[in-house]
Amino acid sequence: MAQKTDYFDDDFEDDIIEEIDDSNNKTIDFDSNDNLNNQDNKVDPEKEKEERELESDTIVRGYNRLRLTLYSIAALIVITLFTWLWLRYFSPYTVEAVESGRIMEMKCQGRLFKTYEGLLLSEKYVDYPDKWLECDFPFSVSNDSIARVIMRLKGSGERVNLTYEEYQGTVFWRGDSHRIITGVEVADKNK
C-alpha cells in the first residue's frame with residue numbers, strides 16, 4: 001500500500017471509523033423497539049405538521065390583531081357618532097324652562113310632517129312697542145292638545161307662561177325650532 005499524504009492526522013481517521021462501526025453494531029430488539037420506531041416515524045411528520053400549523057396561525061394572529069384593531073376603531077367611531085347625535089338632537093339641553101308673554105302667531109306647517117310653529121312676544125318687550133319685531137320667541141309644539149290651547153289663546157291678548165325644553169339641534173318631525181313647548185298656562189290677569 002502506498003502511504004497516504006493527507007492533511008488529517010491518523011488518529012482522527014481512526015476516531016471516525018470507530019464511530020461508524022459503533023453505529024452499525026447497534027443491537028435491535030424487535031419485540032420492544034418495533035412499535036417505538038414506527039411511532040417515532042409517525043410523530044416526526046406530525047410534529048412538523050403542527051409546527052407548520054403554528055407558523056401559519058402566527059401569521060393569522062397578526063392579521064386578526066389588525067382586524068380587531070380596525071373593528072375597534074370602527075366601533076369607537078360609531079359609538080362616538082351615536083352619542084353625538086343623541087346629545088345634539090334627542091337629549092334636551094334645557095329642561096322645564098318658562099317664558100312669559102303673549103302669543104303673536106300659531107300655525108300648522110310642513111310638507112310631509114305637519115308641525116305647529118308659533119311666536120311669543122316676550123314679557124320684557126311688551127312695554128316697548130317699537131321692539132316687538134326685534135325679539136320674538138319662536139317655538140314648536142309637538143303635542144296636538146297643547147297646540148289647540150295655544151291657538152285659542154292667540155288673539156286673546158292674555159299673558160301666558162310657556163314651559164319648554166330646548167334642544168341643540170332640530171329634527172324635521174319635531175318642528176323648526178330648538179324650543180319644544182311641553183306645557184302652557186294662562187297667567188293671572190291682575191298682573
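Colleague: Why is Glu-96 counted as exposed?

Modeller: In this predicted model, Glu-96 has a relative accessibility of 64%. The term exposed requires a value over 50%, so Glu-96, at 64%, is given that name.

Colleague: Where does Glu-96 lie, and what is its phi?

Modeller: Glu-96 belongs to strand β1. Its phi is positive, at about 60°, although the residue is not a glycine.

Colleague: What makes Ile-181 count as buried?

Modeller: The limit for buried is under 20% relative accessible area. Ile-181 reaches 2%, and therefore counts as buried. This residue is placed in strand β5, which covers residues 179-186. In space, the C-alpha of Ile-181 is 6.2 Å from that of Ser-140, while 41 residues separate the two in sequence.

Colleague: Why is Leu-153 called buried?

Modeller: Leu-153 has a relative accessible area of 12%. Since buried means under 20%, the value of 12% places Leu-153 in that class. Leu-153 is found in helix α3, and its C-alpha atom is 6.9 Å from that of Ile-103, a residue 50 positions away along the chain.

Colleague: How many residues does the largest nonpolar core have, and which of them have the most contacts inside it?

Modeller: That core has 16 residues, and those with the most contacts inside it are Phe-139, Val-141, Ile-150, Leu-162 and Ile-181. At least two residues of the core come from each of β1, β2, β3 (136-141), α3 (144-153) and β4 (159-166). Helix α3 gives the largest share, with four residues.

Colleague: What share of the protein chain counts as buried, and what pattern does the chain follow?

Modeller: The protein chain has 191 residues, of which 20% count as buried. It contains three helices and five strands, and their order along the sequence is α-α-β-β-β-α-β-β.

Colleague: Why is Arg-102 called partly exposed?

Modeller: Partly exposed residues fall between the 20% limit for buried and the 50% limit for exposed. The value for Arg-102 is 28%, which means that this residue is partly exposed. Arg-102 sits in strand β1, residues 94-109. Its C-alpha lies 7.7 Å from that of Lys-154, and the two are 52 residues apart in sequence.

Colleague: How do you know that the side chains of Glu-105 and Lys-107 meet in a salt bridge?

Modeller: The nitrogen and the oxygen are 3.1 Å apart. A salt bridge requires a side-chain nitrogen of Lys or Arg within 4 Å of a carboxyl oxygen of Asp or Glu, so the pair Glu-105 and Lys-107, at 3.1 Å, qualifies. The structure holds one salt bridge.

Colleague: Why do Glu-105 and Lys-107 count as partly exposed?

Modeller: Glu-105 has a relative accessible area of 29%, and Lys-107 has a relative accessibility of 36%. Partly exposed covers the range between 20% and 50%, and therefore the name applies to Glu-105 and to Lys-107.

Colleague: Which residues gather in the patch of negative charge on the surface?

Modeller: They are Asp-44, Glu-46, Glu-48, Glu-50, Glu-51, Glu-53 and Glu-55. One of these residues, Glu-50, lies in helix α2, which spans residues 30-90.

Colleague: What makes Glu-50 partly exposed?

Modeller: Its relative accessibility is 49%. The term exposed needs a value over 50%, so Glu-50, at 49%, remains partly exposed.

Colleague: Which residues make the nonpolar surface patch?

Modeller: The patch is formed by Phe-82, Trp-86, Leu-87, Phe-90, Leu-112, Phe-113, Phe-172 and Trp-173, and has an area of about 960 Å². Among them, Leu-112 is in the loop between β1 and β2 (115-122), whereas Trp-173 is in the loop between β4 and β5.

Colleague: Why is Leu-112 called exposed, and why is Trp-173 called partly exposed?

Modeller: Leu-112 has a relative accessible area of 79%. The limit for exposed is over 50%, so Leu-112 is exposed. Trp-173 has a relative accessibility of 44%. As partly exposed runs between 20% and 50%, Trp-173 is therefore partly exposed. The C-alpha atoms of Trp-173 and Ser-142 are 8.4 Å apart, with their positions 31 residues apart along the chain.

Key
Residues numbered from 1 in each chain as written. Predicted model: local features only at pLDDT ≥ 70, side-chain atom pairs only at ≥ 80, totals over all residues. Heavy atoms only, no water. Buried < 20%, exposed > 50% of the residue type's maximum accessible area, 1.4 Å probe, protein only. Patch = residues over 30% accessible without salt bridge, like charges linked within 9 Å, V, L, I, M, F, W, Y side chains within 5 Å. Areas by Shrake-Rupley, 256 points an atom, 1.4 Å probe, with all protein chains shown as cover. Lys, Arg positive; Asp, Glu negative; His and termini not counted. Charge placed at Lys NZ, Arg CZ, Asp CG, Glu CD. Core = buried A, V, L, I, M, F, W, Y, C linked by side-chain atoms within 4.5 Å.
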